[in-house]
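Subject: A structure for you to look through

Hello,

I am passing a structure on to you, and I hope you enjoy exploring it. Please open it next to this email and follow along as you read.

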Amino acid sequence: MKWSARIGRFAGIDLHIHATFPLLFVYVGFVYWAQTGSIEGVLFGLALIAVLFLCVILHEYGHALTARRYGIGTRHITLLPIGGVALLEKMPKEPRQEIVVALMGPAVNVAIAAAVFLLLVVTGRPGALVELDLLQATFLQSVLFANILLAVFNMIPAFPMDGGRVLRAVLSLRTDRVRATRIAATVGQTLAIGFGILGLFANPFLILIAVFIWIGAGAEASAAEVEERLHRQPVRRAMITDFQVLSPHDPLSRAIDLTLAGTQKDFPVVDGFGTVVGVLPQTGILKGLRDLGAEGRVGDIMEPAATADLSDTLSHLLDNLQQGETRVICILRGGRLVGLVDVENINEFLRIQAALRER
Ligand SMILES: [Zn+2]
């Protein structure tokens, strides 16, 4: 995610923090200062938000570790002011699994709330929970209240909240996934408008939440649509078949000639037997020119090639391209190079499909 930095790694999953997250601390500090007018009050608020931060992290690990049980890894967990996001490598396609993964986050908060409640009962201070005023509450009461709030808030049926995923998964038990996503996204964006309006009159923080929901719902809907459009499409439908190749023995000057003569930016490197032995992207050519000059050999600076079979589907390729490790994938048939696929070409394919549908 953009604007985020890695702060650690736990249970094999990187933990990131979004640049806007500290805003929450500023906001909470300000609220407690306004209410209590004392440094102690501010410190109480900041300690509370730090503990909540921890609860949010545990919530995300609830998702990530449940997904792991279904064989799905998590790329990283990012903390945002409105909560956390566990970026799973993929979403479980089986709706029942998606429901369990989505529910296990809020379930963690329910468990924490139950544990804190027990602790309060044991220590004889459940307090007047019904008439709880957050700013009058003790620390533990606040943690309890906040975890209940976290569980409820996350079950709002709007992307990117867990409730949105549960709604989509429940809907997709009855209809196809794209349609389910579209309905869930519409519900989410309607709620976002509601939060936005409410935020104007009540709490400005709700406007921020509304923006996140709006963006999250839109992104989820378009991602599901793209995936569906590419799902059963064979690679050959968006494959570049008119391209140039380099030999490992070629000098870089040949790569320059080919780059300037056409629009191709990434070149497969093929040996004398027609086998793909590497790929030379434009960044590699430029670096090679700086290090070795135009006489440098392609074979000395080429990078490992990503390959796929002609029988693969475009959605499978898009997953690999989006992970950002490679810009272009060499398509093979019986071990021989027959084409290239890159992100731009897949996007062109999608635009053409959209135009044909609109007709
Ligand atoms: Zn969650």
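Here is a question to start with: is H63 buried or exposed? Keep in mind as you look that this is a predicted model.

H63 sits in helix 2. Count the other C-beta atoms within 10 Å and you get 26. A residue counts as buried once 20 or more lie within that distance, so H63 is buried. Leaving aside residues up to four places away in sequence, H63 touches A86, V101, M104 and G105. You can also find E98, which is 35 residues from H63 along the chain. The C-alpha atoms of H63 and E98 are 9.8 Å apart.

**Helix 2 and its partner helix**

Stay with helix 2, which covers residues 39-69, and look for helix 4, residues 139-154. These two helices pack with their axes 10 Å apart, at an angle of about 40 degrees. An angle from 35 up to 65 degrees falls in the oblique class, and helix 2 and helix 4 are therefore oblique to each other. Their crossing is right-handed.

Which residues make the contact? From helix 2 come L48, V51, L52, C55, V56 and H59. Helix 4 brings F139, S142, V143, A146, N147 and L150. Sorted by type, the residues of this contact are 9 nonpolar and 3 polar, with no charged ones.

**The sheet beside helix 2**

Next, find the open sheet of 4 strands, which has the order 1-2-3-4 and mixed pairing. As a reminder, strands of a sheet pair through backbone hydrogen bonds, either parallel or antiparallel. At the edges are strand 1 (4-10) and strand 4 (83-88), each pairing on one side only. From one strand to the next, the twist averages 25 degrees.

Strand 1 and strand 2 (residues 13-18) run antiparallel and are joined by 6 bridges. To see one spot in this pairing, look at R9, which stands opposite D14 in strand 2. Helix 2 comes back here, since this helix packs on the sheet and touches strand 2, strand 3 (74-80) and strand 4. The direction of helix 2 makes about 20 degrees with that of strand 4.

The loop between strand 1 and strand 2 holds A11. What is the phi angle of A11? The value is near 50 degrees, which is positive in a residue other than glycine. A11 has 11 C-beta neighbours inside 10 Å, so this residue counts as exposed; the cut-off for that class is 12 or fewer.

**A second sheet**

Further along the chain, 3 strands form another open sheet, in the order 7-8-9, and the pairing is mixed. Its edge strands are strand 7 (306-309) and strand 9 (336-342), each with pairing on one side only. Here the twist averages 35 degrees from one strand to the next.

How many bridges pair strand 7 with strand 8? There are 4, and strand 7 pairs with strand 8 (residues 328-333) in the parallel sense. T307 has C330 of strand 8 as its bridge partner. Helix 11 (residues 314-322) packs on this sheet and touches strand 7, strand 8 and strand 9. The direction of helix 11 makes about 145 degrees with that of strand 8.

Have fun looking around, and write back with any questions.

Best wishes

Terms used
Residues numbered from 1 in each chain as written. Predicted model: local features only at pLDDT ≥ 70, side-chain atom pairs only at ≥ 80, totals over all residues. Axes fitted to C-alpha atoms, helices over the stretch in contact; angles between N-to-C directions. Parallel < 35°, antiparallel > 145°, perpendicular 65-115°, else oblique. Left-handed = near helix turned anticlockwise from the far one by under 90°. Contact = placed C-beta atoms within 7 Å. Nonpolar A, V, L, I, M, F, W, Y, C, P; charged D, E, K, R; others polar. Pairing = 2+ DSSP bridges.
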